[in-house]
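Please open the model in your viewer and keep a selection panel at hand. The stops below are arranged so that each selection leads on to the next.

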Amino acid sequence: MGRREELRAIDEAIAAAAGGGFRFLALTGEPGVGKTRLLNELAARAAPEGFLVLAGRASEYEREVPFGVLVDALGDHVPDVVPKLPPRVGPAAVARLSGIFPTVADRCEPPPAPEPGADANPVAARHRLHGTLRLVVQTFAKSRPLALILDGLHWGDSASLGFLDYLVRNPPRAGVVVATAFHYRPDIPSLARLIQADDGLHLNVGCFDLGETAEYLGAGFSRARQRELHRVSGGNPFYLEALSRMDGAATRDPQAEVPLSVRAAIQLELGGLSEPALLVARAAAVAADAFEPGLIAVAAGVPESDVVTALDELVVSGVVQPSATGRFRFRHPLVRNTVYSTAAAGWRHAVHARIARHLEQVGAPATLLAHHVENSARYGDAAAIDILLRAARAVESHAPSASAFWFSGALRRMPEDHPERVAVMLKVSRLHVVAGELEQGERAADEVMRLLPRGEGTDRARAARFSAMTRRLLGRVEESRAVIMDELRAMPDRESPAAVHLRLRLVAENLLRMDQDAARALLDDIPEHSPSWDAACTMAVAALRPMCSYADGQIDRALGELDTASHLLAITPDGQLAESVDSLTWLCWSELLMGRPADASRHFERVLSVTRATGQHFIVSVAMCGLARAQTALGGLARAATTADEAVELAEMLNAGQQIVFGLAQRSVVEYWKGNGADAVDFARRAVDTAGDQGEWWGKQAELALGLALVETGQAEAGARSLLEAANGFARPGSDLVTLVQVSERLAELEAARGRHAASAEWAAEADKYSHASLPVSTGLAALARAHSLLSTDPGAAAEHARGAAAVLAGNEYPLDAGRALLTAGTAAARASRRDTAKADLRRAAEVFGGCGAASFLRRAVREQRRLGIYVPVRGRSSGPHELSRRELEVAELVSAGRTNQQIAEALFISARTVESHLAHIFAKLGVSSRAGVVSALRSPS
Ligand SMILES: Nc1ncnc2c1ncn2[C@@H]1O[C@H](COP(=O)(O)OP(=O)(O)OP(=O)(O)O)[C@@H](O)[C@H]1O
Ligand SMILES: [Mg+2]
């Protein structure tokens with residue numbers, strides 16, 4: 001009834017998939033509004049078009065079962081496609097599938113166990129599994145189009161949601177329509193991302209209006225009664241259906257999600273059932289969402305023949321409906337929910353226990369048993385603990401969230417003195433963070449702390465750091481500091497390595513909120529070395545010193561400390577670095593800010609290799625942001641863009657807001673330089689919005705990016721405001737020194753362009769004030785600021801200043817800013833009628849911009865040249881060096897090996913879209929336009 005618009009969208013999606021395309025459909029709306037009904041309609045329309053229709057439903061009571069909704073939809077059919085998977089899907093992948101789909105384990109030849117350690121990296125393992133599942137979907141759709149229907153995703157387990165998130169970013173290359181329905185929960189990031197899918201359509205299904213309500217109820221209801229029922233039900237069809245069966249005045253409690261009267265109506269309906277039918281309904285509600293008579297007989301503890309009789313009655317009364325392959329389901333989740341709530345808690349335990357015992361007897365895997373064990377086992381039950389631990393370990397690498405849930409279940413039953421307790425708890429905490437469930441990660445870390453004696457041991461200190469870090473990732477930075485301080489107060493030996501790492505974390509916290517004095521005081525209190533420290537601990541302390549001195553304005557001291565730390569790092573073996581990478585990133589950031597992007601880039605790469613190897617995935621995206629920034633400074637824009645993309649992708653997987661901000665800000669800066677102003681504004685705005693108003697350094701960097709982007713797109717006023725905000729209004733505690741010079745220089749340029757010479761000169765003076773003789777970046781930018789301010793009054797002098805700026809910046813690995821200085825120099829020289837020098841400056845500027853791929857700056861340089869009457873040939877593509885980055889080389893080699901984008905994405909653990917962007921850069925750099933071109937370019941000797 002009704003739903004014309006929705007049905008049109010459904011038909012369109014079916015047509016697109018029938019033509020070999022991919023479509024994703026997300027239906028949202030309140031419970032009972034008619035989403036499932038629409039999904040059924042989609043199934044009914046797809047089947048006659050020759051679609052294979054596979055449907056699954058997530059349910060309220062099995063939320064933690066990993067890949068539950070996918071198993072429901074695909075489970076019975078996956079064994080059929082396993083033999084048809086492409087040959088490159090090795091036995092290890094089949095083994096992974098059999099870990100998810102019990103049917104594969106039952107019906108396919110047993111694959112060899114995966115090599116131990118192959119899945120040690122949970123991010124990589126999940127990525128590999130997602131790739132395999134995507135191939136499964138694609139193989140289903142090989143001979144005819146596929147409609148994959150997934151209902152009730154608001155109860156979807158996080159492994160399934162993670163896969164869907166992956167699937168919409170890496171659409172299968174086949175005729176597939178994935179249709180989903182859920183109650184939209186903006187706090188579940190993967191759901192939020194699903195409704196923004198690229199090849200997708202989001203439909204919010206609304207309630208019936210009065211006319212539709214009347215039509216739905218039919219002629220048997222008076223006008224007044226129709227109006228009354230519409231008012232009470234709000235036009236919700238499920239409520240209407242339930243209420244219309246009940247007489248009398250119905251009321252709606254505005255507090256309850258479901259009107260009380262609706263619940264009452266369903267209860268009334270259940271009241272009409274016979275006692276045996278009610279028992280079977282209850283057992284079924286507890287047991288499973290889709291159930292077979294055999295299992296319900298076990299659950300209810302009655303003979304199967306009785307169950308069959310009872311099911312007949314339940315079907316006739318409409319409480320349950322038969323579904324595919326001999327199973328049954330409740331008419332609606334709310335019906336199951338109501339039946340469930342009429343069963344006593346103790347009885348529900350007994351049902352789960354009976355099912356668990358039964359499954360164990362028939363040799364079901366731990367992962368199938370775990371759900372029932374979790375719902376029935378008692379404290380101290382060693383066998384139950386064992387099952388839960390086994391299930392948790394089995395899914396640890398590919399379903400971290402479910403794994404954490406079962407580990408926690410095991411923990412709840414473990415006696416206080418269980419030897420594995422602390423280790424399991426720390427594991428739970430890490431798994432939650434890796435799964436992007438930061439709150440739970442935090443809670444688990446806190447639990448470890450409650451368990452261990454205060455101030456003692458490495459485990460306790462590690463838990464404290466972890467707990468502080470999750471709070472920071474969650475944006476609760478004050479608490480993060482409080483946790484560390486609290487822990488430190490209780491530590492007997494403040495110079496033990498464990499205590500030192502905590503103290504360093506506190507220094508970092510203060511630096512982040514731009515409280516240099518506190519940071520300095522804390523750091524000065526830590527000795528340079530102590531006999532109990534290893535090389536990495538000594539290095540960690542040294543790694544934070546430069547940033548403290550720099551933030552404090554003690555530049556010469558900072559530069560000396562940079563050298564010391566860099567030397568210490570060179571002699572520290574990778575094997576020791578695990579606990580110190582966090583501090584090491586600070587060395588990298590100092591190098592970046594103080595004008596050594598090449599060193600920073602090298603050291604960030606080292607951070608990345610250690611964090612990946614030691615499972616500290618939450619540091620990876622931060623390091624990638626830093627790396628992207630270094631690459632930008634060095635003029636490698638194409639490289640920087642993909643690094644920043646990967647950083648954002650990872651941060652989103654971890655659900656870490658601050659890291660998303662970092663990545664987006666960097667992404668914006670890259671687009672700014674590439675000349676895509678609108679994209680730059682977009683990225684920066686998302687960064688600023690995500691950052692909120694924390695008053696921390698990284699938020700200021702997002703403002704800086706926004707300021708640049710706004711000015712670039714002609715929004716001078718707003719741009720200036722953002723730039724000022726980035727410098728914290730030049731108040732103390734303020735941004736770091738180079739940022740202050742940077743902002744002053746940009747404002748000097750902006751004011752000069754607006755013809756406000758006095759204001760421009762003031763900003764130039766400001767840039768001078770903050771610049772420091774030992775920091776060439778700052779003196780270079782200050783000279784450039786001076787040039788801007790003199791451009792119209794004394795162009796000859798302006799040109800000199802700008803040329804000086806260019807020399808300093810180019811000599812210090814800042815080609816893009818050097819290019820900007822050359823552009824200013826050329827423009828000024830032209831105004832001073834010094835044609836020859838102007839020509840030379842502009843030509844060099846154009847070379848720099850062309851080489852880096854800074855398109856709009858290149859256009860500006862060309863425009864200035866043409867203004868001087870110089871003939872400039874239109875360039876085909878950048879004349880820059882054709883060298884490929886490490887990542888691009890990897891991609892290019894895989895292309896040469898004949899791999900598809902998707903295969904490359906799977907091999908490198910990035911999305912297909914990121915591969916596409918790598919490829920675009922590779923084509924540009926190699927000057928080719930096809931994959932074949934890449935192959936021959938790689939083969940040619942140069
Ligand atoms: N357009 C419609 N015409 C007639 N009946 C409808 C229509 N939409 C929904 N209904 C009926 O209303 C009831 C509830 O609909 P449905 O189960 O599709 O809701 P839902 O949105 O999937 O709810 P939930 O979010 O709780 O799963 C069903 O019995 C369904 O048949
Ligand atoms: Mg539904």
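## A buried loop residue

Select Asn170, which is found in the loop between helix H8 (158-169) and strand S4 (176-182); helices (H or I, at least four residues) and strands (E, at least two) are DSSP runs, numbered from the N terminus. This is a predicted model, in which local features need pLDDT of at least 70 and side-chain atom pairs count only at pLDDT 80 or more, whereas totals for chains, interfaces and linings use all residues. Residues are numbered from 1 along each chain as its sequence is written, chains are lettered from A and ligands numbered from 1 in the order in which they are written, and side-chain values use heavy atoms, with hydrogens and water left out.

With Asn170 still selected, colour by accessibility: Asn170 is buried, with a relative accessible area of 0%, where buried means under 20% relative accessible area, exposed over 50%, and partly exposed in between (1.4 Å probe, protein chains only). Now add Ala912 to the selection, and draw the distance from its backbone nitrogen to a polar atom of the side chain of Asn170, which is 2.5 Å. A polar contact is a pair of N or O atoms within 3.5 Å; within protein, one must be able to donate a hydrogen and the other to accept it, and residues adjacent in sequence count only if both atoms are side-chain atoms.

## The whole chain

Zoom out to the full protein chain, which has 48 helices and 8 strands. Its radius of gyration is 32 Å, close to the 30 Å that the globule rule gives for 942 residues, so the chain is as compact as a globular protein of that length; the radius is taken over C-alpha atoms, and the rule is 2.2 Å times the number of residues to the power 0.38. Along the principal axes, the C-alpha atoms fill a box of roughly 100 × 65 × 60 Å, and buried residues make up 58% of the 942 residues.

For a colouring by domain, use domain 1 (4-204), domain 2 (210-269), domain 3 (736-867) and domain 4 (886-939), with bounds that come from an automatic or database domain assignment. If you place a centroid on domain 2 and another on domain 3, these C-alpha centres lie 72 Å apart.

## Ligand 1 and its shell

Which residues come nearest to ligand 1? Of the 17 residues around ligand 1, they are Gly32, Lys35, Thr36, Arg37 and His183, and a residue is near a molecule if one of its heavy atoms lies within 4 Å of it.

Turn next to the oxygen atoms of the ligand. One such atom of ligand 1 is 2.6 Å from an N or O atom in the side chain of Thr36, an oxygen atom is 2.7 Å from a polar backbone atom of Arg37, and an oxygen atom is 3.2 Å from an N or O atom in the side chain of Glu241. The protein covers 90% of the 630 Å² of accessible area that ligand 1 has on its own, an area that comes from the Shrake-Rupley method with a 1.4 Å probe.

Show helix H2 (35-46) and helix H12 (237-244), the elements that give two or more residues to the shell around ligand 1. Domain 1 (4-204) and domain 2 (210-269) each supply at least three residues of that shell.

## Residues to visit along the chain

Select Ala16 in helix H1 (residues 4-18), which counts as buried at 15% relative accessibility; the C-alpha atoms of Ala16 and Thr309, 293 residues apart along the chain, are separated by 45 Å. In the segment before H1 you will find Arg3, which has a positive phi of about 60 degrees although it is not a glycine, and which counts as buried at 14% relative accessibility.

Phi of Ser833 is likewise positive, near 60 degrees, in a residue other than glycine. Ser833 lies in the loop between helix H42 (815-831) and helix H43 (835-852), and at 63% relative accessibility it counts as exposed.

Go on to Glu447 in helix H23 (residues 438-451), which is partly exposed, with a relative accessible area of 35%. End at Asp736, in the loop between helix H37 (716-726) and helix H38 (737-753), where the residue is buried, with a relative accessible area of 8%.
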